[in-house]
Amino acid sequence: MAAKILVIEDDNKIINFVTMALKAKGYSILTARNGNEGILSFCTENPDIMLLDLGLPDIDGVEIIKQVRNVSNIPMIIVSAREQDSDKISALDAGANDYVTKPFSMGELMARIRVMERLIERETAHVPESVYKFDCLTVDSEKHRILVDDTEVHLTPIEYKLLLLLIANRGKVVTHSQISKEVWGYGEEGDSKSIRVFMASLRRKIEKDTSSPRFILTEIGVGYRFAEE
Ligand code: CA
């Protein structure tokens with residue numbers, strides 16, 4: 001069944017453009033033109049995915065992300081004109097799943113929505129993913145084995161945790177502070193320098209061409225994204 005998407009956005013042009021394009025693809029669309037209306041619609045209409053502008057007339061988008069995350073793990077994609085890394089990071093750290101900067105192409109937004117739909121499918125399937133295969137890479141988390149082209153690759157425990165974290169979140173950005181929290185257990189201020197060091201050594205082990213990575217993509221200034229198959 002096609003997902004029900006809530007669009008919280010105060011720019012009518014974008015609402016019309018996005019609504020038309022998504023309806024044409026069979027999605028059902030709810031719209032809200034400010035934060036309060038958006039939260040009300042979220043609470044009463046039970047949408048599957050949320051597209052959220054950060055600059056709204058009444059409530060800041062990041063505040064909405066926090067409020068929604070307190071009660072729900074609905075996929076949230078930020079669609080915003082704010083293009084500073086710090087804005088992306090605060091939205092992602094507050095719990096948004098992904099970020100699209102205006103102006104954006106509908107193709108890009110659709111691709112991000114499809115990632116969220118696959119995320120929902122994985123969550124509802126409840127199948128423990130013990131073996132993950134993508135291209136030349138095989139990760140067997142039950143046997144703790146990583147294969148590249150059927151050759152076993154040995155990872156350190158940190159590299160292994162990093163890889164599993166990125167795969168679990170594949171298709172979406174994982175920020176530096178999310179990585180340090182999940183992998184090292186630190187709080188807010190992760191050490192992005194040591195993340196870079198571990199990431200470089202992980203890439204040397206699993207990527208065929210580290211200058212043009214197939215699996216682990218860099219989101220400059222923000223974090224990393226594992227490629228979607
Ligand atoms: Ca706006």
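## The antiparallel sheet

In what order do the four strands of the open antiparallel sheet stand? In this predicted model, the order is β6-β7-β8-β9, and the pairing is antiparallel. The edge positions belong to β6 (131-134) and β9 (151-153); each has a single partner strand, so one side of each is left without a neighbour in the sheet. Neighbouring strands here are turned by 20° against each other on average, if direction is ignored.

Let's look at one pair more closely. Four bridges connect β6 with β7 (residues 137-140) in the antiparallel sense, and F134 has L137 of β7 as its bridge partner. Helix α6 (residues 157-168) lies across β6, β7 and β8 (145-148), and its direction makes an angle of about 105° with β7.

## Loops with unusual backbone angles

A bit of background helps here. Most residues other than glycine have a negative phi, and most peptide bonds are trans. Two aspartates in the loops of the antiparallel sheet are worth checking against that. D135 sits in the loop between β6 and β7, and its phi is positive, near 60°. D149 is placed in the loop between β8 and β9 and also has a positive phi, near 50°. With a relative accessibility of 43%, D149 counts as partly exposed, because the partly exposed class lies between 20% and 50%.

Where is the cis peptide bond that has an omega of about -5°? This bond joins K102 and P103. P103 belongs to the loop between β5 (98-101) and α5.

## The parallel sheet

The model also has an open sheet of five strands, in the order β2-β1-β3-β4-β5, with parallel pairing. At its edges stand β2 (28-32) and β5, each with a single partner strand, so one side of each is left without a neighbour in the sheet. From one strand to the next, the twist averages 20°.

Five bridges hold the parallel pair of β1 and β2. Within this pair, V7 has T31 of β2 as its bridge partner. V7 comes back in the next section, as one of the residues that line the largest cavity.

## The cavity

How many cavities of 30 Å³ or more does the structure hold? There is one, and the space in the largest cavity is about 50 Å³. Its lining is made up of V7, I8, E9, I14, V18, L51, L52, D53, V79 and L109. By class, eight of these residues are nonpolar, none is polar and two are charged.

Three elements, β1 (4-8), α1 (12-24) and β3 (49-52), each supply at least two residues of this lining. Two of them, β1 and β3, are strands of the five-stranded parallel sheet.

## The pocket and K172

The largest pocket encloses about 250 Å³ of space. Of its 15 lining residues, A96, N97, N169, K172 and Q178 lie nearest the centre. Two or more residues each come from α5 (106-125), β10 and α7 (176-184), and α7 gives the largest share, with three residues. The lining divides into five nonpolar, five polar and five charged residues.

K172 deserves a second look. This lysine is found in the loop between α6 and β10 (173-175). Is K172 buried or exposed? Its relative accessible area is 12%, and K172 is therefore buried, since the cut-off is under 20%. Beyond its neighbours within four places in sequence, K172 is in contact with N97, D98, M116, L119, Y224, R225 and F226. N97 appears in that list and also among the pocket residues nearest the centre.

## The β11-β12 hairpin

F226, one of the contacts of K172, leads to the hairpin of β11 and β12. Strand β11 (residues 216-219) and strand β12 (residues 223-226) run antiparallel and are joined by four bridges. Opposite F226 of β12 stands I216.

Which residue of this hairpin takes a positive phi near 80°? That residue is G221, in a hairpin that has three residues between the strands.

How values were computed:
Residues numbered from 1 in each chain as written. Predicted model: local features only at pLDDT ≥ 70, side-chain atom pairs only at ≥ 80, totals over all residues. Heavy atoms only, no water. Pairing = 2+ DSSP bridges. Axes fitted to C-alpha atoms, helices over the stretch in contact; angles between N-to-C directions. Contact = heavy atoms within 4.5 Å. 1 Å grid on protein atoms, 1.4 Å probe; cavity = no way out; pocket = protein on both sides within 12 Å on 5 of 7 lines; lining within 4 Å. Points joined across faces, edges and corners; volume = space filled by probe spheres on them. Nonpolar A, V, L, I, M, F, W, Y, C, P; charged D, E, K, R; others polar. Buried < 20%, exposed > 50% of the residue type's maximum accessible area, 1.4 Å probe, protein only.
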